[in-house]
Every structure is written in C-alpha cells, then in structure tokens.
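Visitor: Hi! I'd like to walk through this one with you. Could I start with a few quick questions?

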Amino acid sequence: MIKFAPVRATAPSVRTYALVTGAYWGFTVTDGALHMLVLLHFYKLGYTPLQLGLLFVLYEVCGIVTNLVGGWIAARLGLRATLLAGLALQVGALTMLSPVDASWTADVSVAYVTAALSLSGVAKDLTKLSSKSAIKLLLPGAAQGRLFRWAALLTGSKNALKGFGFFVGGLLLAVFGFAPALLTLAGLLALVLLGSALSVPAGMGRAQGKVKFTALFSPDRNVNLLSAARVFLFGSRDVWFTVGLPLFLAAVLGWNFTQVGGFLALWVIGYGIVQSSAPQLLATSLRGLPPAGR
C-alpha cells in the first residue's frame with residue numbers, strides 16, 4: 001500500500017487537518033445539494049426514472065476510478081494538490097450545469113448533465129481521499145483503535161453534512177430556481193477553494209521516493225475484497241437513496257422539494273450519527289478492541 005510522508009502531530013498538524021476537514025465538509029454540503037437539485041429539477045421537467053438514474057451512472061463510475069488511482073496521484077503530488085483539484089472540479093461542475101435549459105432535447109440534456117456529474121464524481125473522491133488520508137498524517141503510528149474512532153467520526157460527520165446538503169438543495173431549488181441555486185453553491189465553494197489554497201501547506205502527504213502503480217493494491221487479500229464489495233454496496237445504496245426514494249416521495253406522495261430534501265436530510269443525518277457512534281456501539285462486543293476483519 002502507498003505510504004505517505006509522516007507529519008508530526010504538533011499544533012500545526014492539527015490546524016492543517018482541521019482546514020482540510022473543513023474544506024471537505026464544505027464540499028460535502030454542495031455535493032448533497034447538487035444531487036437534490038439535479039434529481040428534482042429534471043423530474044419536474046418530465047424525465048423518466050430510468051433517465052434520471054442514468055444521469056448518476058457516470059458520476060459513480062468516475063468516483064470508483066478516482067478512488068482507485070487517487071492514492072497514487074496524492075502520493076506523487078501531495079494531498080494539497082488532490083484537495084484543491086477536487087474543490088476546483090466541483091466548482092466547475094456546478095457552473096457547467098447552470099446553463100442547462102428546458103428547451104434542450106432530452107438526449108442532449110442527459111449527455112451534458114452526465115458529463116458534468118462525472119466531473120463531480122471525480123471531485124468527490126479526490127476531496128474525500130485528501131481528508132481521510134490526512135488522519136494518518138496527523139496520527140502517524142497511531143493504534144488501529146484510535147484511527148478507527150477518528151475515521152468513524154469523519155465518515156459520520158460527512159454523511160450528516162451531506163444530509164444537510166439534501167435539504168439545502170431542495171430549499172434553494174424551491175426558493176431561487178435551478179441555475180441561481182447552482183451558481184450560489186459554486187460561489188460559496190469557490191471561497192472554500194480560495195481559503196484552502198492560501199492556508200493548506202504545500203507538499204502535505206507527498207510520498208518519499210517514487211511510487212509504483214501496483215502500490216494501489218493492499219498486500220492483504222481481505223482488504224482488496226472489502227474494497228471490491230464496497231462498489232456494489234455504494235451502487236445499490238445510491239440507486240435506492242439518490243434516485244428511487246426521492247422520486248417516490250415526490251411522485252407518489254406528492255411532497256414538495258423542501259419536504260423531500262428535509263426528509264432525506266433527517267434520514268442521512270441520523271445515518272451519520274450512527275456511523276460516528278460505531279466505535280462506541282462495538283465497544284462491548286469487541287471488548288474495547290478495533291474490528292479485526294474476521
């Protein structure tokens with residue numbers, strides 16, 4: 001596996017991790033909002049569930065590919081580069097979607113929106129990689145139990161904020177409309193990008209020496225199998241949650257955009273709280289030890 005250059009866990013390291021995590025949180029809100037905006041807007045225009053599902057296919061595929069090669073890129077260029085690239089691509093994706101017009105044909109709209117969402121898929125995993133890898137820089141040589149607690153907290157907070165983003169997307173769509181909502185999100189994230197560019201130190205996480213591409217894969221077969229299983233887990237989850245459930249709430253129950261976004265927000269925030277609490281929930285059964293992977 002790829003080994004990032006260690007950073008001593010001093011006060012500047014904590015500050016850097018806080019900056020990276022804050023940028024990731026800001027990105028996460030825009031990512032959740034983007035999902036709601038695209039789904040509900042195109043549902044309102046009369047797109048079928050299949051067409052709406054296809055809009056997010058390339059988003060997921062690009063995320064999977066980026067997740068595979070992102071560690072290698074970060075090891076060569078540093079986590080600052082992947083963080084800034086992810087934020088910039090998301091700003092670009094949000095801005096790219098704003099000119100979409102109802103007068104466009106369905107085929108043109110689907111192709112264009114799918115291309116824009118593919119940039120967002122790349123952006124998501126570049127930004128996520130930067131934040132999660134920063135934990136190891138902050139806690140070099142930390143016990144697995146401590147890393148487990150930090151990773152659970154970060155993952156849970158991310159999902160809680162993505163849930164908040166669902167609400168923000170539905171609210172912005174209802175109040176401002178599609179294009180103004182996207183441009184608002186792009187402007188706010190551009191401020192996060194600027195702040196990160198000025199504050200996150202260069203070279204953070206860059207590996208010492210040349211990194212081989214084969215270092216992407218773990219020598220532990222169980223880790224590789226778990227990574228492959230996650231592809232199917234996330235695919236099934238997103239087909240149901242990102243497309244199926246919101247359409248059911250809007251089309252069958254007749255909920256408005258704010259209600260759909262609010263319900264999904266509450267659900268995902270609760271989901272994030274459970275994720276953050278995983279170390280405490282498992283403490284009794286594991287007798288205080290981290291999961292062993294058996």
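Visitor: Leaving aside its neighbours within four places in sequence, which residues is Ala-116 in contact with?

Guide: Happy to help, and keep in mind that this is a predicted model. Beyond its neighbours within four places in sequence, Ala-116 is in contact with Ala-93, Met-96 and Leu-97.

Visitor: And where does Ala-116 lie?

Guide: Ala-116 lies in helix H5.

Visitor: Buried or exposed?

Guide: Buried: Ala-116 has a relative accessible area of 1%, and the cut-off for buried is under 20%.

Visitor: How far apart are Ala-116 and Leu-89?

Guide: In sequence they are 27 residues apart, and their C-alpha atoms are 9.5 Å apart in space.

Visitor: Which residues of H4 are buried?

Guide: The buried residues of H4 are Leu-79, Thr-82, Leu-83, Leu-84, Gly-86, Leu-87, Gln-90, Val-91, Ala-93, Leu-94 and Leu-97. Two of these, Ala-93 and Leu-97, are contacts of Ala-116.

Visitor: What span should helix H4 have?

Guide: H4 covers residues 79–97, and at 1.5 Å a residue its 19 residues should span 27 Å. The C-alpha atoms at its ends are 27 Å apart, which agrees.

Visitor: Back to H5 for a moment. Lys-124 caught my eye; where is Lys-124 found?

Guide: Lys-124 is also found in helix H5, which runs over residues 106–138.

Visitor: Is Lys-124 buried or exposed?

Guide: With a relative accessible area of 16%, Lys-124 is buried.

Visitor: What does Lys-124 touch?

Guide: Not counting residues up to four places away in sequence, Lys-124 touches Phe-27, Asp-31, Tyr-59 and Glu-60.

Visitor: Let's zoom out. How many helices and strands does the protein have?

Guide: There are 10 helices and zero strands. Of the 294 residues, 45% count as buried.

Visitor: And what about contacts between residues that are at least 6 apart in sequence?

Guide: Of those contacts, 85% join residues at least 24 apart.

Visitor: New topic: how many aromatic pairs does the structure hold?

Guide: Five. One of them is Phe-42 with Phe-178, an edge-to-face pair at 6.0 Å centre to centre, with 85 degrees between the planes.

Visitor: What does that pair tie together?

Guide: Phe-42 lies in helix H1 (residues 11–44) and Phe-178 in helix H7 (residues 178–199), so the pair ties together parts that are 136 residues apart in sequence. Phe-42 and Phe-178 are both buried.

Visitor: Which cluster do ring pairs make with Phe-42?

Guide: Ring pairs link Phe-42, Tyr-47 and Phe-178 into a cluster.

Visitor: And how are Trp-104 and Tyr-112 arranged, while we're on rings?

Guide: Trp-104 and Tyr-112 also form an edge-to-face pair, 5.2 Å centre to centre with 90 degrees between the planes. Trp-104 is partly exposed, at a relative accessible area of 28%, and Tyr-112 counts as partly exposed at 24%.

Visitor: Now H7, the helix with Phe-178. Which residues of H7 are buried?

Guide: Phe-178, Ala-181, Leu-182, Leu-185, Ala-186, Leu-189 and Ser-196. Looking down the helix axis, these buried residues fall within an arc of 125 degrees, so they line one face of H7.

Visitor: What is on the other side of H7?

Guide: Over there, Leu-188, Leu-191 and Leu-198 are exposed.

Visitor: How about the span of H7?

Guide: At 1.5 Å a residue, its 22 residues should span 32 Å, and the end C-alpha atoms are 32 Å apart, which agrees.

Visitor: Last topic, pockets. What volume does the second largest pocket have?

Guide: About 210 Å³.

Visitor: Which residues line the second largest pocket?

Guide: The lining is made up of His-35, Lys-158, Asn-159, Lys-162, Phe-166, Arg-237, Asp-238, Phe-241, Thr-242, Trp-267, Val-268 and Tyr-271.

Visitor: Which elements give two or more residues to that lining?

Guide: Helix H6 (144–175), H8 and helix H9 (257–276) do.

Visitor: Anything on Trp-150, then? Where does Trp-150 lie?

Guide: Trp-150 lies in helix H6. Trp-150 is partly exposed, with a relative accessible area of 29%. Trp-150 and Lys-132 are 18 residues apart in sequence, with 9.2 Å between their C-alpha atoms.

Visitor: And in H8, how accessible is Ala-228?

Guide: Ala-228 is found in helix H8 (residues 221–252) and counts as partly exposed at 39% relative accessibility. Ala-228 and Ile-64 are 164 residues apart in sequence, yet 9.9 Å apart in space, C-alpha to C-alpha.

Notes: Residues are numbered from 1 along each chain as its sequence is written. This is a predicted model: local features need pLDDT of at least 70, side-chain atom pairs count only at pLDDT 80 or more; totals for chains, interfaces and linings use all residues. Side-chain values use heavy atoms; hydrogens and water are left out. Helices (H or I, at least four residues) and strands (E, at least two) are DSSP runs, numbered from the N terminus. Buried means under 20% relative accessible area, exposed over 50%, partly exposed in between (1.4 Å probe, protein chains only). Rings of Phe, Tyr and Trp (its six-membered ring) pair if their centres lie within 6.5 Å; planes under 30 degrees apart count as stacked, over 60 as edge-to-face and the rest as tilted. Contact means heavy atoms within 4.5 Å. The expected span of a helix is 1.5 Å times one less than its number of residues. The arc is that of the directions from the helix axis to the C-beta atoms. On a 1 Å grid over the protein atoms alone, a cavity is a set of points where a 1.4 Å probe fits but cannot get out, and a pocket is an open set with protein on both sides within 12 Å along at least five of seven lines; lining residues have an atom within 4 Å of a point. Grid points are joined across faces, edges and corners, and a volume is the space filled by probe spheres set on the points.
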